[in-house]
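Welcome! Open your viewer, get comfortable, and follow this short tour from one selection to the next.

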Amino acid sequence: MDSESTSDAIGSTTEHAAPVNGAAGSAASENGAITLDLTIERDTSTPLYLQLAGGIEDAIRSGVLPPGSRLENELALSKRLKLSRPTVRQGIQELVDKGMLVRKRGVGTQVVQAPVNRQVALTSLYDDLRTAGKAPRTEIIEYRIGRPSPEALDRLQLSPGEQVLDLIRVRYADGEPLAVMRNTIPERIAPSREALAASGLYACLRERGITTVLAHERIGATIADEEHAELLEEEIGAPLLTMERKSFANDGGVVEFGYHVYRASRYSFEVTLVDS
């Protein structure tokens, strides 16, 4: 049993509460904050603050708490759920740290856009966002066809005289900037600027009969410099995720290589591990 269960009163004041892992309903109070139907279980090993955080997170992901909505304040929440204020504060902080909630002076605790959780697989970010129910949008920052750099010449295994497309895009999800993507592509297969603004790179390549079947990928981390901070609407020094990728087509040729930077507060990679 959680150590706080002796100081937190047993029971919840909601009469028709849904389990904490599946908030079923909500009601807007007079001040515009949303009151969730939640039940906290005292006879489990799961800490109370994690139960609270899990219930709020489920409500965000299910749409019960849409982006921009406000939670009732910590004092009201602690009284209604019979939890201590430190427990409520810790549960909310879990979701602030995940980038799902934000505390605003004079406003309260507010829901931000749900973060994108992406499986590490050979897919495009554009396709993944649409699958997740997000509205992707692309802003083309640079679209330049010219001579390849020595790195591009080597990585793309180009023939003498071949040119490349150097591409920089900002990918948005539901109106928020999510990633800055730099890619270099052989000019002979490069999609048009208009096509790339309307769809993802891999979808454009598929329309040309080019299917990516293999990629080498490296995931890392960095901090936002002045350029990335401006493009991603982050503070300078904010944590960012990075991904380097080199993709191969079904004929064995190199399709593209890229360096992508993602907002750590809005994006995560997910990997499934299997014991060999």
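## A walk through the model

Before you start clicking, keep in mind that this is a predicted model.

**Stop one: a loop residue.** Select aspartate 174, which sits in the loop between β7 (164-173) and β8 (176-186). Check its backbone: phi is positive, at about 55°, although this residue is not a glycine. Most residues other than glycine have a negative phi. Is aspartate 174 buried, partly exposed or exposed? Its relative accessibility is 31%, so it counts as partly exposed.

**Stop two: another loop residue.** Now move to glutamate 233, in the loop between α8 (226-232) and β10 (239-249). Here again is a residue that is not a glycine with a positive phi of about 55°. Glutamate 233 has 56% relative accessibility, and therefore counts as exposed.

**Stop three: the helix α1.** Select residues 48-62, which make up α1. How far apart are its end C-alpha atoms? They are 21 Å apart, which agrees with the 21 Å that 15 residues should span at 1.5 Å a residue. Next, colour the buried residues of this helix, among them Leu48, Tyr49, Leu52, Ile56 and Ile60. The buried residues of α1 pack against β2, α2, α3, β3 (101-104) and β4 (108-111). Just past the end of α1, look for glycine 63, with a positive phi of about 95°.

**Stop four: the nonpolar cores.** Nonpolar side chains tend to be buried together in soluble globular proteins. To see the largest nonpolar core here, which has 22 residues, show Leu36, Leu52, Ile56, Ile60, Leu65, Leu83 and Leu101, the ones with the most contacts inside it. Two or more residues each come from β2 (34-36), α1, α2 (74-81) and α3 (85-97). Which element gives the largest share? That is α1, with 6 residues. Apart from this core lies another, of 14 residues, including Ile140, Ile185, Leu205 and Ile210.

**Last stop: the largest pocket.** Turn on the surface and select Glu151, Arg182, Thr184, Phe257 and Tyr259, which lie nearest the centre of the largest pocket among its 17 lining residues. The space in this pocket is about 220 Å³. Show α5 (150-155), β7, β8 and β11 (254-263) as well, the elements that give two or more residues to the lining. Finally, colour the lining by residue type: there are 6 nonpolar, 4 polar and 7 charged residues.

Terms used:
Residues numbered from 1 in each chain as written. Predicted model: local features only at pLDDT ≥ 70, side-chain atom pairs only at ≥ 80, totals over all residues. Heavy atoms only, no water. Core = buried A, V, L, I, M, F, W, Y, C linked by side-chain atoms within 4.5 Å. Buried < 20%, exposed > 50% of the residue type's maximum accessible area, 1.4 Å probe, protein only. Helix = DSSP H or I, 4+ residues; strand = E, 2+ residues; numbered from the N terminus. Expected span 1.5 Å × (residues − 1). Contact = heavy atoms within 4.5 Å. 1 Å grid on protein atoms, 1.4 Å probe; cavity = no way out; pocket = protein on both sides within 12 Å on 5 of 7 lines; lining within 4 Å. Points joined across faces, edges and corners; volume = space filled by probe spheres on them. Nonpolar A, V, L, I, M, F, W, Y, C, P; charged D, E, K, R; others polar.
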